[in-house]
Amino acid sequence: MGRVVVGVAVSVAVVACIVAAGVVSRRVQNRGKWRRVVRVLKELEEACETSVGRLKQVVDAMAVEMHAGLASEGGSKLKMLLTFVDNLPDGNEMGTHYALDLGGTNFRVLSIQLEGNRSSILDHDVERLPIPQHLMTSTGNDLFDFIASSLKEFIDKGNDSEVLLGGRRDLGFTFSFPTKQNSISSGVLIKWTKGFSIGDMVGKDVAECLEQAMTRKGLNIRVTALINDTVGTLALGHYHDADTVAAVIIGTGTNACYLERTDAIIKCQGLLTTSGFMVVNMEWGNFWSSHLPRTSYDIDLDFDSPNPNDQGFEKMISGMYLGDVVRRVILRMSQESDIFGFGSSRLSMPFVLTTPLMAEMHEDESLDLRDVARILNDILGIPEVSLKARKLIVRICDVVTRRAARLVAAGILGILKKMGRDGTGGIAGARSRTDVNIKRTVVAVEGGLYTNYTMFREYLHEALIEILGEEIAKHIILKVTEDGSGIGAALLAASHSSN
């Protein structure tokens, strides 16, 4: 009997040892899994590092590349395109003016009434209309006749007696496709993007095509400003505040423009304007510098994109791409460990995680991070993720967003450095900060990444202060504008009107 008891006791002890060993083994395995994902996070943090020293290098690189792009065509990754806008709205504009905004599968028609008072736009009406699918691949005449007909209907509804009686009005045309500008009111289409493919339009003056269509519809309307949306943002900002010298759009895409002295535009020697200035469209999404903190995820994203080695800056800072950078990091972690389950096919789908969804996870303030759990489950097909792993996701979003916002801050200060308005005395930076008279400087900002994403906005402002110091940073003001591509275009039509 005693032997049986001893045998049972030994068996129980053996089982207990096996169970304990299993528990210890699982703990060791779990610790190993966490070590692997934490290593991936640490590598990401190090690769995305944006110290003040590095940001100042990006500031200098932006200013240098701007100089190079102004000196010669192809002299820089920055195109530094002339807009021929030398006269920004100043608040004295009068009358009724129209705008058309064509930038994708929808277009907008807009009118504003001005009474020479900077503080107020008396009235403005907007109508958004879809472009019928067949017109996106039809002929230029078909497309512009449709747009002109829509404009006529809009004017008829508004009862603009001046136009209805045959009088002339001016129109600003925001045309967000690659265009070679020849004057403030003319530009030749280089190529279509965004699903348009109208062969007979390439190489033609888009403003002239629109004017001809408006004439066919009995409208006496002249295109007095052909612009892109960033220039419209600057115009709107300047209308409300005369200290506005630059504009940045930071949304799905990104771009910047600013007011440059005409004598600094070396590639167009002899260029004269009555104001002595011209707005330059930087196309800053294509900026590149070895000082940008690039990761393996950025390299892979660029390689997989339709335009590799292009728009490098945009791919690190804009709303089109931030969510996908985060997705790629999560995918890498899921390959290193099973903390997110045993893989999800959705995690391998490019752009399945959009930046607005990423921002929602980043700004989830619930104790159990329920928004993170919901998005992981519903969008990425990853159910039942532990709270510890959800916190890891939030940290990834934070690292990617912080890098983007701080790089935007450096880009803005690069523009101001080129203009001599960053408190350092310009690109040479020879004078000490104490003897520089710092002017109040306003940058107009538009785009959902800045306006809707609180953490992004806070990181951007934080970086401006870190780079400049509080004393100088307080003179640099970022002001949100709304609808530069619409109202801004109409204001430019007004400021370039010869009436």
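This report describes one pocket and one helix pair in a predicted model.

**The second largest pocket**

The second largest pocket has a volume of about 270 Å³. Its lining is formed by Gly251, Thr252, Gly319, Met320, Thr355, Pro356, Ala359, Glu363, Gly448, Leu449, Asn452 and Tyr453. Two helices, H10 (355-362) and H13 (448-451), each supply at least two residues of this lining. The largest share, three residues, comes from H10. By residue class, the lining of the second largest pocket comprises five nonpolar, six polar and one charged.

**The pairing of H3 and H5**

Helix H3 spans residues 140-158 and helix H5 spans residues 206-216; their axes come within 8 Å and cross at roughly 60°. At that angle, H3 is therefore oblique to H5. The crossing of the two helices is right-handed. On the H3 side, the contact is made by Asn141, Phe144, Asp145, Ile147, Ala148 and Leu151. On the H5 side, the contributing residues are Val206, Cys209, Leu210, Ala213, Met214 and Arg216. The residues of this contact divide into nine nonpolar, one polar and two charged.

**Residue classes in the two regions**

The table sets out the classes for the pocket lining and for the helix contact.

| Region | Nonpolar | Polar | Charged |
|---|---|---|---|
| Lining of the second largest pocket | five residues | six residues | one residue |
| Contact of H3 with H5 | nine residues | one residue | two residues |

Among the residues named above, Glu363 belongs to the pocket lining, whereas Asp145 of H3 and Arg216 of H5 take part in the helix contact.

Notes
Residues are numbered from 1 along each chain as its sequence is written. This is a predicted model: local features need pLDDT of at least 70, side-chain atom pairs count only at pLDDT 80 or more; totals for chains, interfaces and linings use all residues. Side-chain values use heavy atoms; hydrogens and water are left out. On a 1 Å grid over the protein atoms alone, a cavity is a set of points where a 1.4 Å probe fits but cannot get out, and a pocket is an open set with protein on both sides within 12 Å along at least five of seven lines; lining residues have an atom within 4 Å of a point. Grid points are joined across faces, edges and corners, and a volume is the space filled by probe spheres set on the points. Helices (H or I, at least four residues) and strands (E, at least two) are DSSP runs, numbered from the N terminus. Ala, Val, Leu, Ile, Met, Phe, Trp, Tyr, Cys and Pro count as nonpolar, Asp, Glu, Lys and Arg as charged, and the others, Gly among them, as polar. Axes are lines fitted to C-alpha atoms, for helices over the stretch in contact, and angles run from 0 to 180 degrees between N-to-C directions. Angles under 35 degrees count as roughly parallel, over 145 as roughly antiparallel, 65 to 115 as roughly perpendicular and the rest as oblique. A crossing is left-handed if the near helix is turned anticlockwise from the far one by less than a right angle, and right-handed if clockwise. Contact means heavy atoms within 4.5 Å.
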